[in-house]
Amino acid sequence: MADPDNRWNRRLFLHLPAIFLVLFFVLPLMALVILSFWQTENYKIVREWSALNYVTLATESAYFVFFVRSLFLAIGVSIFSVAVSWPIAFFIVRHGGRYKLILSLLLAVPFLSGEVLRLIALQGMLGPTGLVNGVLLKLGSAPLRFIMYSNWATFIALVYLYLPMVVTTVYLSLLNFDFRLTSAASSCGANRFQVFCEIVWPLNLSGTIVGFLLCFIPTLSASLAPRFLGGPSGTLYGMSIAQQFGESGTWALGAAMGVVLFLFSIAVLGVFSLGINLRRTGFTGMGRQ
Amino acid sequence: MYAQASNDRLTKWLMGAILVAAYAFLYMPIIHILFASMSSRPNFPYPPEFDFGSYIRLYTNTVYQSAFLNSLIIATCTSLLSTVLGFLATVGVLRFAGRKALVYAAFFAGPLFVSEILLGISSMSLYYLAFELQGNMVTAIIANSVHCFSFCFLIMAALLYRYDWRMNEAAVVCGASPIRAFFEVMLPLTWSGILSSLIVAFVLSLNGLDISFYLLGATPTMPSVAWGALRYGVKPELYALSSIINILVFAAIAGLYFVARSDRNQPAE
């Protein structure tokens with residue numbers, strides 16, 4: 001490290017991006033914390049320190065209901081996505097052959113086309129006059145009520161939004177997994193169930209956890225999908241935050257809600273990261289160095 | 001032995017069926033609105049028609065034009081900024097970080113684990129509290145870059161980890177400046193990763209609503225105009241806009257595919 005050339009390199013290559021993140025990622029989060037201890041009155045910020053916003057959050061049961069609803073939805077969506085992702089990713093890695101690249105890139109098209117546009121597309125599918133109900137009406141049956149403007153609609157929308165992310169993560173993990181280990185285990189007498197439970201699953205657990213989190217974190221704070229598809233009893237926590245910063249103008253309360261969400265996400269990340277070995281995720285490609 | 005083989009085939013078919021179902025689930029809405037955008041009956045456009053009226057109405061709508069221009073500016077600047085920073089970070093982590101590589105990698109991937117809405121409202125709070133700024137294009141670009149930076153970092157790290165750094169050293173030993181070594185040795189060998197990162201960041205920031213929404217105030221961007229129009233009911237113009245973007249994204253991904261394939265056909269390092 002004494003080499004001056006190396007020090008300059010470190011400054012340019014490591015510290016410059018790190019400073020960028022500190023300035024525009026860490027600092028804003030700190031500003032959010034400060035704002036959460038101030039008040040808003042008549043759409044203006046009053047700079048008085050108090051924990052009033054947090055008291056409101058703790059005592060007003062509506063916010064608790066929103067949070068619990070978001071939490072259950074996020075857990076459900078993430079578990080469902082992981083369960084569906086495994087067979088898909090496994091199939092692409094093992095049987096994809098030369099179509100591997102096409103199959104994995106095809107997942108990116110729905111992911112990259114943006115939340116709003118995908119919600120418009122979903123509305124075309126699930127809405128009262130959408131494709132699903134249109135087909136049902138043509139067939140002479142009654143329209144399905146539970147898929148429009150309900151928590152089920154939000155569930156479908158969130159799976160639709162984040163499934164590509166989870167499949168890609170599990171796929172990357174399996175791609176870096178050495179499948180000769182499974183043959184070794186079978187020739188040592190393990191049956192297929194044992195091979196999966198004792199070799200494939202534990203060695204890809206890190207990648208799976210990252211996939212779970214990359215679905216769980218945004219779902220927990222989902223704001224657009226429930227507003228558009230969730231209906232009257234579908235208000236979620238993230239949507240409520242968006243309303244504090246939008247229509248109702250209570251920024252400080254919204255900031256407090258954001259801080260709670262952030263701390264909760266950090267806690268979840270902390271608990272799960274105990275099980276993550278970054279080298280095994282296949283994410284940074286550092287596994288084979 | 002026979003039971004094992006048929007069991008294997010059953011699993012394979014089952015997984016294949018799930019794959020097909022998932023792709024159908026992901027693509028059906030996209031194809032449905034493509035038909036809806038070209039039909040006089042957008043609710044149930046089957047059998048499909050080919051009427052481009054909604055595309056012409058979209059083209060002549062000035063609100064969408066300025067929104068598209070704003071989005072284009074944001075996306076271009078964001079993709080450049082986040083790719084440059086992502087490239088620096090990738091090289092830093094892979095080459096200069098030593099034992100702290102994992103710490104830096106985790107920090108650089110951090111924004112991925114903070115939701116977009118939190119990123120949006122926290123950046124807005126900072127600019128408002130510190131500078132009394134209502135938000136403008138520059139702040140929107142910076143906040144979008146934070147979000148895209150992590151994607152760029154991971155994409156380039158995944159593609160650069162096989163790069164042999166001795167090539168740069170060899171070039172320098174032969175008398176090239178480090179910058180010349182980058183342009184004449186490293187760039188030709190790693191352009192696929194850099195291009196992928198540019199494309200992904202561009203498309204992500206072109207279509208992201210949450211971050212730009214909180215940082216731009218009244219300046220319209222394409223997602224925010226689409227979101228505003230949604231409240232008044234979905235119109236065929238929105239379907240048309242959505243289809244155009246989907247086709248553009250599809251073209252970008254096809255480009256990525258050919259990039260990745262030509263990269264693979266090169267002789268192994």
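## Chain A and its partner

Among contacts in chain A between residues at least 6 apart in sequence, 71% join residues at least 24 apart; two residues are in contact if their C-beta atoms, placed from the backbone, lie within 7 Å.

User: What kind of model is this, and how are residues numbered?
Analyst: This is a predicted model; local features need pLDDT of at least 70, side-chain atom pairs count only at pLDDT 80 or more, and totals for chains, interfaces and linings use all residues. Residues are numbered from 1 along each chain as its sequence is written, with chains lettered from A and ligands numbered from 1 in the order in which they are written.

User: How much of chain A is buried?
Analyst: 46% of its 289 residues. Buried takes 20 or more other C-beta atoms within 10 Å of the residue's own, placed from the backbone.

User: What does the C-alpha trace of chain A span?
Analyst: About 80 × 70 × 30 Å along its principal axes.

User: Switching to the interface. How many residues does each chain put into the contact?
Analyst: Chain B gives 72 residues and chain A gives 75.

User: Which helix gives the most on the chain B side?
Analyst: α1(B), with 14 residues. Helices are DSSP runs (H or I, at least four residues), numbered from the N terminus.

User: And how do the residues on that side divide?
Analyst: The side of chain B that touches chain A has 57 nonpolar, 13 polar and 2 charged. Ala, Val, Leu, Ile, Met, Phe, Trp, Tyr, Cys and Pro count as nonpolar, Asp, Glu, Lys and Arg as charged, and the others, Gly among them, as polar.

Definitions and conventions. Helix = DSSP H or I, 4+ residues; strand = E, 2+ residues; numbered from the N terminus. Buried ≥ 20, exposed ≤ 12 C-beta atoms within 10 Å, placed from the backbone.
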